[in-house]
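Reader: I've got a model open and I'd like to learn how to read its helix packing and its sheet. Can you walk me through it?

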Amino acid sequence: MMDGRLFVICVCFILNVSNVATKQTTKSNRRGADDCKPTVVAHRGASGYVSEHTLGSYALAIDMGADYVEPDLVVTRDGHIIARHENQLGVSTDVAQRPEFASRRRTQRVSGNLVNGWFSEDFTLAEIKSLRSTEPIPLIRKHNARMDGSLDIPTFQEIIDLVKALETVKNRTIGIYPELKYSSHFQRLGLPMERKVVDIFHKNGYIGKGAPAFIQSFEVDNLKMLKKITDLRLVQLFDERSKIPYDQSLLGNNITYGQMATPNGLANVAKYASAVGPSKSYIIPRDLFNNLGQPTSFVRDAHAVGLLVTPWTFRAENLYLPRRFQRGNNPNDFGNLEGEIRAFINAGIDGFFIDHPEVLVRVRGPC
């Protein structure tokens, strides 16, 4: 595992090469982001190897062969779109070690949950750029934590710039698969991100259903609104079956994700979305002993109404794997992720949200 500084040097070299070495490649000769199945969606980048939602993580994922990179998006106080899984910055940045921002710590409700920390909506982009990324699960991914402080927090535009540069290097189309985080929360603050994300996509040439882009959300009405302002493909994410999408709970609509996962529910989702992103248990549930059960009808039901199925999240560590695919007794060691991948390929899914994209590329084989 290379250290943080060497990795940053390597990423910078890749970007410089993209500007000077491969200008003769043509878009018409490129492989498309959707040409190979199942689709490799690099979850927060190659987050199993490099701190999530950094340009380093996305660049490594692309070098490993990912078809899409998946940034989670939140908003700054001055309305810029940045990549973080949580708007609570203490989870994945060094803000807690920055005395100049100590007074920004506060407690608020975010999508119904009481959260204490430092929030993206309390910082300008310039202040965000002064922070450095840290590994959010350092006890599990100690190798990632060694790179803490090496990489900053990218904007959505910077991610697009990286993707377009590496498309030139790799001579293939690389897709972008952002998730809108805490949509209702930011709308209530007067910082809605939906139009901004669409405008950035459109400005950069991502237009229409054929564009290598998806926009995803666990909420519902924001996707329905997006359907009216863009032809980019939309993805309805599914949380636990008993939960209610947060925006629907605000409206007094008690529909659960489980109800949305029925054949009738999926038919309604297909009116505004092109794909669904369920947790893995919707496809193949596990029993109380962490054994994989039999596949459900979810994939068949979704395909019947024209929806692609890309479940989350596939990770190599034993901690996240079914019992039969674990190796050894250390929960942080890598197990047999290939075995779990094959079980889900056999279940008929269309793509994977995955932290270790090269594993799926290897299992998928030549494309």
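Reader: At what angle do helix 7 and helix 8 pack, and how far apart are their axes?

Author: Keep in mind that this is a predicted model. As a general idea, two packed helices are described by the angle between their axes and the distance between the axes. Here helix 7 (residues 194–203) and helix 8 (residues 221–229) pack at about 40 degrees, and their axes are 10 Å apart. The two helices are therefore oblique to each other. As for handedness, helix 7 passes helix 8 in a right-handed crossing.

Reader: Which residues make the contact?

Author: On helix 7 look at Glu194, Arg195, Val198 and His202; on helix 8, at Asn222, Met225, Leu226 and Ile229. Sorted by class, that contact has four nonpolar, two polar and two charged residues.

Reader: Okay, now the sheet. What is the strand order?

Author: Generally, strands of a sheet pair through backbone hydrogen bonds, either parallel or antiparallel. In this case an open sheet of four strands runs in the order 7-2-1-13, with parallel pairing. At the edges sit strand 7 (175–176) and strand 13 (351–354), each pairing on one side only. Strand 1 (residues 39–43) is joined to strand 13 by four bridges, and Val41 stands opposite Phe353 in strand 13.

Reader: Which helix packs on that sheet?

Author: Helix 14 (residues 357–364) does, touching strand 1 and strand 13. The direction of helix 14 makes about 170 degrees with that of strand 1.

Reader: And where does UniProt place the GP-PDE domain?

Author: The unreviewed UniProt entry puts it at residues 38–364. The end C-alpha atoms of that span lie 7 Å apart, and the span is 30% helix and 15% strand.

Conventions: Residues are numbered from 1 along each chain as its sequence is written. This is a predicted model: local features need pLDDT of at least 70, side-chain atom pairs count only at pLDDT 80 or more; totals for chains, interfaces and linings use all residues. Side-chain values use heavy atoms; hydrogens and water are left out. Axes are lines fitted to C-alpha atoms, for helices over the stretch in contact, and angles run from 0 to 180 degrees between N-to-C directions. Angles under 35 degrees count as roughly parallel, over 145 as roughly antiparallel, 65 to 115 as roughly perpendicular and the rest as oblique. A crossing is left-handed if the near helix is turned anticlockwise from the far one by less than a right angle, and right-handed if clockwise. Contact means heavy atoms within 4.5 Å. Ala, Val, Leu, Ile, Met, Phe, Trp, Tyr, Cys and Pro count as nonpolar, Asp, Glu, Lys and Arg as charged, and the others, Gly among them, as polar. UniProt positions are given in the numbering used here, feature names are shortened, and annotations may be inferred rather than shown by experiment. Two strands pair if DSSP finds at least two bridges between them.
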